[in-house]
Amino acid sequence: MIGLVPPTVNVSQEVARRFLVLRHLLAPPRSLPAESESVMRVMERLGSLQFDPIDVAGRNHDLVLLARIAGYRRDWTEDLLYRERRLYESYNKGLSILPMAELPWYRITWDRNLARHSETTFDEHNPLVAELLSRIRENGPLSSTDVEARASIDWYWRPTNQVRAILEALAEAGILGIRRREGNRRVYDLAERLFPGELLADRRPGDEQRRHRLLSRFRAHGLLGTAGQAELWLGTAPGRETPPTNGSTPAIPSRATYRAQLIEAGALLPVTVDGIRGDRFVVAEDVELLAQAEREVGASAPPGGQQPGVAFLATLDPVVWDRDLQRRLFAFDYIWEVYEPAAKRRYGYYVLPVLFGDRFVGRIELRADRRADLLRVVGLLWEAGFDPLANPGFADAFAEAVAAHCAFAGVRRVVLPGSANLRPIARALNGFTIPA
């Protein structure tokens, strides 16, 4: 039942910052128990994690989970994806990890890609499509390296082996799915062998799916507004209503229309933040966290009522999705420079934000060298005005975050840059036992 539009809540910037770390399970970091079920708890809170294959200090989704789960292990997520199949890979905001139970609300991407590839890729390469599907039906899962390479074709950003491209297109269209990954090599199988039949048969209207996908962005970040960089809204709904085409495809409402529907339904609550223009929105289930943030700030209590901790956040962690909000709310200008030419980088190739309590205090660049059994801190830069030596408890909290990263990477030694203000951190690290 559609309810009345809720009144707009106003909060201070301090409360907004506190709210974000609370609802992102970062108050304090690594507070969830060391078990695979904690991965599902993060998924229930955030709803979607971006999957990026770059593995310098850990893949993006692993770093998101490492910041929130004590003793996080990669194989927990691997099992949930490829053995238990409570999670699956598909496209939401880029390639993402999604709850299997929500598949009917995300299959609109499969349908779009099926229509697009059927008119182009599948028609142009029909013999290879038939061959690959026949092999999988008769012989089971396969990867692109299991089939003799064919001539490269133009594919997205660069020429690609035709076999690899067609397998990828079949997965984009929901005909195939990922049975498992071997490193970054994808092994494909028929969708009907991987996804529950009742979920595949559950066909939701396009409006319902687009509305759900839009809600997923607010759910993942926690305090999005109505604008921001285009990638925030990729794949949700158009910025303006799309008119019907050829008399057969109906008009697609705009994001503003779907957002208004979510507000009227009580799924989103409008919020204004002092000094920041425009409405922001929290999902309905986060209202109590907003109240908790108000109470903590009013009582001058630390985040979550516990000693502030340190987390090294993933480059695509949902909490740093909205770069403009980062600058205005946290005075932290974070740019992911992995695709920038080396000469144009200001901070480094794969630099992670450093969170301390509810403040962003620096940037760190890590390299896991498993052969040498060590974690290299190749770059570390504090924000202007932050002195790690002047903040009681910071050295121990930072050392704890480094030790957690070592345990995750499976290494036992740390190499820090030579700097006088890191000596207390080095001493604190000596107090941690990093498991073999």
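The following exchange examines how several features of this predicted model are assigned.

Mentor: In this predicted model, local features need pLDDT of at least 70 and side-chain atom pairs count only at pLDDT 80 or more, while totals for chains, interfaces and linings use all residues. Residues are numbered from 1 along each chain as its sequence is written, and side-chain values use heavy atoms, with hydrogens and water left out.

Trainee: What makes residues 206-221 a helix, and what is the expected span of α11?

Mentor: A helix is a DSSP run of H or I with at least four residues, a strand a run of E with at least two, both numbered from the N terminus. Helix α11 has 16 residues, so it satisfies that minimum. The expected span is 1.5 Å times one less than the number of residues, here 22 Å, and α11 reaches 23 Å from its first C-alpha to its last.

Trainee: Why are β11 and β15 called edge strands?

Mentor: Two strands pair if DSSP finds at least two bridges between them. The open sheet has the order β11-β12-β13-β14-β15, with mixed pairing; β11 (310-312) and β15 (413-415) each pair on one side only.

Trainee: How do you know that β14 and β15 pair?

Mentor: Three bridges join β14 (residues 374-382) to β15; the criterion is at least two, so the strands pair. They run parallel, and L375 stands opposite V414 in β15.

Trainee: Which residues of α11 are called buried?

Mentor: Buried means under 20% relative accessible area, exposed over 50%, and partly exposed in between (1.4 Å probe, protein chains only). Among the buried residues of α11 are L214, F218 and A220.
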